[in-house]
Every structure is written in C-alpha cells, then in structure tokens.
Protein chains: 2
Amino acid sequence: MADALKIGIAGLGTVGASLVRIIQQKSNELAVTCGRPITITAVSARDKARDRGIDLSTVTWFDRPEDLAEKGDIDVFVELMGGAEGAANVSVRTALQRGLHVVTANKALLAYHGVELATIAEEKGSLLNFEAAVAGGIPVIKALRESLTGNSVSRIYGIMNGTCNYILTKMEKEGLSFAECLKEAQRLGYAEADPAFDIEGNDTAHKLSILTTLAFGNQIAADDIYLEGITNISIEDIHAAAELGYRIKLLGVAQRTDTGIEQRVHPTMVPVDSVIAQVDGVTNAVAIESDVLGELLMVGPGAGGNATASSVLGDIADIAKSQPGAQRVPVLGHPAATLEPYRKAQMQSHEGGYFIRLTVLDRTGVFASVATRMAENNISLESIVQRSKQHLAPSHHQTIILVTHATTEESVRKAVASIKSEGYLFGEPQVIRIERPKEEG
Amino acid sequence: MADALKIGIAGLGTVGASLVRIIQQKSNELAVTCGRPITITAVSARDKARDRGIDLSTVTWFDRPEDLAEKGDIDVFVELMGGAEGAANVSVRTALQRGLHVVTANKALLAYHGVELATIAEEKGSLLNFEAAVAGGIPVIKALRESLTGNSVSRIYGIMNGTCNYILTKMEKEGLSFAECLKEAQRLGYAEADPAFDIEGNDTAHKLSILTTLAFGNQIAADDIYLEGITNISIEDIHAAAELGYRIKLLGVAQRTDTGIEQRVHPTMVPVDSVIAQVDGVTNAVAIESDVLGELLMVGPGAGGNATASSVLGDIADIAKSQPGAQRVPVLGHPAATLEPYRKAQMQSHEGGYFIRLTVLDRTGVFASVATRMAENNISLESIVQRSKQHLAPSHHQTIILVTHATTEESVRKAVASIKSEGYLFGEPQVIRIERPKEEG
C-alpha cells in the first residue's frame, strides 16, 4: 500500500469536527478504497481548549491556519474556515504556492478569488477541489467538471439556499406569513440571527457564480448578478401560484443567450408537477441542461455538518486515489487561462413567462385598461383572473392576476410602469418570473 | 500539450455513431478541457458499407472487434456492442490484458463478468469505466465510486427502465390499460418488439446488481434478485394508488438489512408528493441513502444515443485527464479483491408497508374475515377501504383495499394465503409493496 495521504484541516466548526470524526472512524475502509491511508496530521482552529468531542491527541495543533499551510507536515490543506478574505484566503494561497493540494468548502473564497486560485493550482500541478462550496452534499461540481465534459450547457438553475426553501415551503404548507416562517427557521437554526445574506439571495448568488463559470467557461462574476430576495413574497402570492398550478421557489438561474450570459436570483414560479417543485424544506436541487446529455437534476442536502463533510471527504479521496501531479482536471472545468470575460446579458432582455399580481380600485374600466396596457406592449396572456374576494384584497379593491406567455423583461416593466401611472393601483405590483424545465418548455 | 489520447470504438449503433459525431465536432473544446486531444484512430462494426452520417475516412476499420482490441493503435478500447458474452466479452478482456483502458456501456457484461474484468483492470493498472451501463446519462456510477467514498450506503433505489416508466406514466395520465400503453411504447420505439426483458424487470435487475456492488461491496449477483414485472398492474391499481396518495413505479431496490442484502425489482407504490413520484415518462432516477451524505437523488435521461454517449465521453475524458497508470479508482468502488460474498436477505423477511387489493364476494362477514386474517398475522392497517362500485368490481363483488403499516413479507403472504383459503375471493389478490423516501420513513 502506498504512503498515507497527510491532511491538515483548518477550521474545526461543525463541518471540520464531522470530517475529523468520519476520517477517524472510517480509517480502515478509506485506506482500502483509496489504496492508501488518509491521516490527519495537523489542524488549526481558534480555541484549542474547546471540547469538540473528537480525539486530537495525535495531531499537531497550529494556532494560525497560515502556519499550518506553510509549515504543516501535510499533502492536502483542507480549508473549512469560510470568508473570502483574511486567514482563509492567505492560507489557501500559501498552501497552493507551496505545491499542496487544497480542498475547500468556501463559496465566498471561490466566488471572489476562484480564477486566481485556479491559476496558481494549475501552474503548480495541484488539485483545488471544492465540491462542498455549492449545494452541500450534492456532487454538482464533479458533474459539471467531469461527467459533463464535452457538453455545452445552455441553462443551469437550482434551489441552493435551504433557509429560503424552508421558509417558502412552510408558508405554503401551513399558510403562515413570511415573518412567522422566518422566526421559526431562526428558532430551528436554519436561519441566522441576521438572515439578510440568505433571504436577500446573496448566498445563492455566490454559489450561482461558481456554477456559471463551470458551465459556461467565463470569468467568475459574483457581484454582477440580478438579485431579488424572498422578503416580498406574500401568502397571497403562494396561494395564487398554487391555484394557477405553480409553486414559488428561490432559484438561481444562469442561462446562455444570444446577447450573453444571464445570471439571476429571484423568487420563481415553477410548474407544480415538475420534479424541482417537490423539493421541500432545507433540501437543495440543481438542474443542468446541456446539448449532449439533456437535463440532469440532482437533489440532496444543501448544508449540515455531515453532508458537507461528505463532499469534502469525496474531494480528499479523489486526491488520495491519484498520483501526485497526475491529474489534469481543470479547477473550474476549463483551464483558468482559457476562461473568457463575463459577457453579461442585460436583465431587460430576459425572456420568459411572468406572473403579475395587481391590487386595483374596484371600478368600471380598470380591467380593460390593464388588458390594454399589456396588449400595447405585445404581451400575450396565458391567463387572467379578476377577483374581489374579501380575503384577497381590501373592500372596494380587486385583485387582478395575469400570467403571460413568453415575453421580455423590458415589455413587462414598461407595461407595469404604464399601469402604475393610471392611478388605479394600490400598493406595488407583484411581478414573479416563471421558469419551466426544458421538456415542458 | 500532451500526446493525443487514441481511442478505438467497437460498435457503431446509435450510441457509437453519436459518440463519433460529438468527439469530431467538439475536438477543440475537448483538447482544451482535457489538456490533450482525443482522437478516434480505429473503429469496428458489422457493416462497413452502411452510411452512418459520420466521417470515418481517417480511422482504421476492423471487421472484428477482437482484432481492434488486440492490434488497434489505441490507448482506450470503447465497447458499445452489448451482450454479456461473445465479441464484447472477448474483446474487452483482450483489451484489458493488453493494458489498455476500457470504457463500456454494457450492463450485461458488467452484471455477469464485472468482478473478473475489474480484477484484470486493477492488476494491469488500467481504468475500466462504465457510467453509461446504468441509468444512461445519470452519473450515478461516479457518485457511488467517487463522491460517496467513505459513506456507508443503507439503501439505493431507482427508476432504471424507461419503457416501464413510460407505460406506467401513460396508464396513469390517460387512464389506458397496460396493453394499450405497451403498444404505444412499441410504436414510439420505447419498447422492443419482444418487450419481456424490460417489462418483466430483468433490465432493471441487471442495472441494480451493478449498483448493489458499488454500494455494498459485495460480489455481483445479477441472477439472485427478487423479480416482479409490471404486466400485472391494472388501471384499478393505479386509480386506487392515486386515491390513497401514491403512484406506482417499477423500482429496483437494494437495501442492507440485519440478515443480508435485499435486492428486489417490483412495482412499488411511492408517496405522490415524493420527488421520485414526479419522475415521468422515459426519464430515470436513482436515490442513494447513506450515513454521511444523507439522501441524494439524481434524475435524468436513462437511454438515447446522445445521453448515453455523454456518459461514455465523460468516462473517456476522465482517462484523458489522468496520467497513464496514475489513477487508483477501484472499478467497482471497492478493490475487486476485497469484494465480499453476496449474503442474500430472504424476501420473506422484507419489512415494509403493503397495498393489498382483493375482489371478494359481496356477503356479510367477508370484511370481518379479511380484517381478522390480517390481525392474526400481526399486520396493523393504515387504511382499509371497502367498495362495491360497479366500475371497480363485477356486480355482487366488492373490492377491499388494505394499506398496511410496516410488516413482513412473510406475514403478508401468510395472511393472503389464509384469505384465499376462505373461498370468498375472486381472482388473484394484488399485492404491491410500498417504498418511502427516508425523510418520510
């Protein structure tokens, strides 16, 4: 049997502690499967004294992850600290410069420095694996980077934030408000005390930016993504969606179009009988549409110590199974030097179906006016529902719900603006984009 | 850039022709992504004269695949002929003995000779890749063999036969009989003229036997699988399932139990709101439950020239990206020498819920008798429905539908046998097993 693969782990939070436990418990099986033992020789974390329920008696402790990366007796540096800058950034860079392989679960680091880090790794002949950075336990990075080689991806989309999906699922199943469901998510530990990063869509955007690059071969553009969170979704939207045969999910979508690449994160109506519509709670899902394979959908746990550790361990095992320097899997699916500039498609030119919910004054002519504004912008309607039921709108108000056939964002924005200028609208119009799986397209 | 990877393709049917076309069309991208060109240097097929719409002017033609394997100027032998014996078997063996890497889409070859071939490949330091052999375009082999390293799988199940899933979907959506849907599947080319291999479950069993070995590390046991096809499923079963909140799918299920490994292929009721229940038509799906990752579900095309070629190409690309002899991925997930004997769990000891549909004489006491026979066998019931509607049973007959809580196959068989002996039953009782995703368990 070959020499042990020596790994150093920086960060012993939930994921790090799970990883140590699993590697120690399964050392025999791992050695057989990988053809060599995997040994944790060094770790680094903030508080040496803390009891993590794991045995660290045989490993070297480093107070600073940078020191572990620079001096640790290791073949692989495993970064589980998080954050795009600071110690994670410096130590990963140091490890790669030193010629070590790196495994990381850090989406922010990849989203903001992925290309640079990939360049170093490829120059050094090292592997930089990051399966856990997107969609937790789902092996979507491996699918894009390896299985889909030779495929040209046309669209990739997914549910990549468990917090949002938990809230939307709970709103639908229990008829509760957004605020109530957020509170419950916080109580259960599914949402942070400051939930903005999740519910505003930023977390999904980071993950999406990484998938976009793997799918389309462009430079990563994490800050140039159309973003709409779920804070604005009301129980009325969810009920209306259900009546029309849709469910609302926060999707990250990246799509190749004639004018460039669309990257967008927004609440999305998906057909209720589509597979992705059934993905409930904190579960994640990613769909990839490509020219050769067709549509592939992967569903699994998006977070959690063990699920994330499983992806990290898979990445480590890939390194253990290959000879040093023998792998040429490009870090971002395409060699870093060949990545193209990000050519952004303007959101205005996005094409698709739209759900539009308006609260209007209950008077003659309003309905006709709404229909006319749509027609003037060449928007054809799949369905239009007018109702004045008390529970959906204040008295003397009516709710009008429109579902459009495929049209452009620009047309919808113009139509909505001209409706707003008519003076019969109460509050803001609700506009939710519709996304359909390919076969139903 | 490194030397080209030279491949030889044996078999130029739908998949083979797709593969040649894709490799030729995408040669530049493939060379960039893989770090070296992929070149088809030789092929073998039955009829040299046949027009396949592909350019073979620069490749060496072999009439016999065995000759291609033995003498072709190739690094990788790609076997796309099919069949467990004969030319496929001989030529793959020859290629491996010669030290070539092998890529195959041949499930029968793997199911019956996988361990032997894996042994040769591992002795020679060659790769034997077979992503396309199970579930077409879905990268389930890679997930089991690589991503899930270190995971202990508890259950793997899936929809792995497009013909059966097409028929069951069509029966449900259109209310047609099995025979009508089979005819339509044949008309569309989804079913063979002799459909037995698909609809009796044998095709699923072959695929399942391969997954079982990857999941549990046992010798492949393709002929020792509990088998029930879908020919017996009536539209009444599908309607009753729908009313009770289930859909019927032909599943292959492998499960670790206290007494060994269960391998079974049978019509199965899955909860209508589960993700796998939404997998319609010829689409395939595989779910893997394991200790570290949790549940992973993959959905995608299970057949078709392009989808299958995509998996074959991914396998070839994996070889192109690694140095010769540098990869130590065990062919069957575990080194062939360490595979354990197949310890079969008896079907009698299978535990789960059951759906039982009985057509009985409409007379006093029958219902009580059925309930008593269940109770005598310690079977507790989740629901029991009695009805005498004309459309469900001939006049003077009644239909009784039982759904049990978890019980054993043995108990159900005993209860059904004692009900049969009572003399009030018309026809055969219908018994369909229920399978639940873990989280709903």
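**Lys207(A), the two-fold axis and the salt bridges**

Lys207(A) touches Lys107(A), Ala133(A), Val134(A), Ala135(A) and Met160(A), not counting residues up to four places away in sequence; contact means heavy atoms within 4.5 Å. This is a predicted model, in which local features need pLDDT of at least 70 and side-chain atom pairs count only at pLDDT 80 or more, while totals for chains, interfaces and linings use all residues. Residues are numbered from 1 along each chain as its sequence is written, chains are lettered from A and ligands numbered from 1 in the order in which they are written, and side-chain values use heavy atoms, with hydrogens and water left out.

In UniProt, an unreviewed entry lists Lys207(A) under "active site"; such annotations may be inferred rather than shown by experiment. Lys207(A) belongs to helix H10 (residues 202–216) of chain A, where helices (H or I, at least four residues) and strands (E, at least two) are DSSP runs numbered from the N terminus. With a relative accessible area of 8%, Lys207(A) is buried. Buried means under 20% relative accessible area, exposed over 50%, and partly exposed in between (1.4 Å probe, protein chains only).

The two chains come next. A turn of 180 degrees with a shift of 0.0 Å along the axis lays chain A on chain B with an RMSD of 0.0 Å, which is the relation of a two-fold axis. The superposition is by least squares on the C-alpha atoms of residues with pLDDT of at least 70 in both copies. Of the residues of chain A, Met298(A) comes closest to the rotation axis, at 2.3 Å (C-alpha). Because 100% of the interface residues of chain A are also interface residues in chain B, the copies meet through the same surface.

Side chains of opposite charge can pair when their charged atoms come close. A salt bridge is a side-chain nitrogen of Lys or Arg within 4 Å of a carboxyl oxygen of Asp or Glu, and by this rule there are 58 over all chains. One of them joins Lys6(A) and Asp73(A) (3.0 Å, N to O). Lys6(A) lies in strand S1 (residues 5–10) and Asp73(A) in the loop between helix H3 (65–71) and strand S4 (76–79) of chain A, so this pair ties together parts that are 67 residues apart in sequence.

In chain B, Arg433(B) forms a salt bridge with Glu228(B), the closest N and O atoms being 3.1 Å apart. Since Arg433(B) lies in strand S17 (residues 425–434) and Glu228(B) in the loop between strand S8 (226–227) and helix H11 (235–243), the pair ties together parts that are 205 residues apart in sequence. Arg433(B) is buried at 2%, whereas Glu228(B) is partly exposed at 24%.
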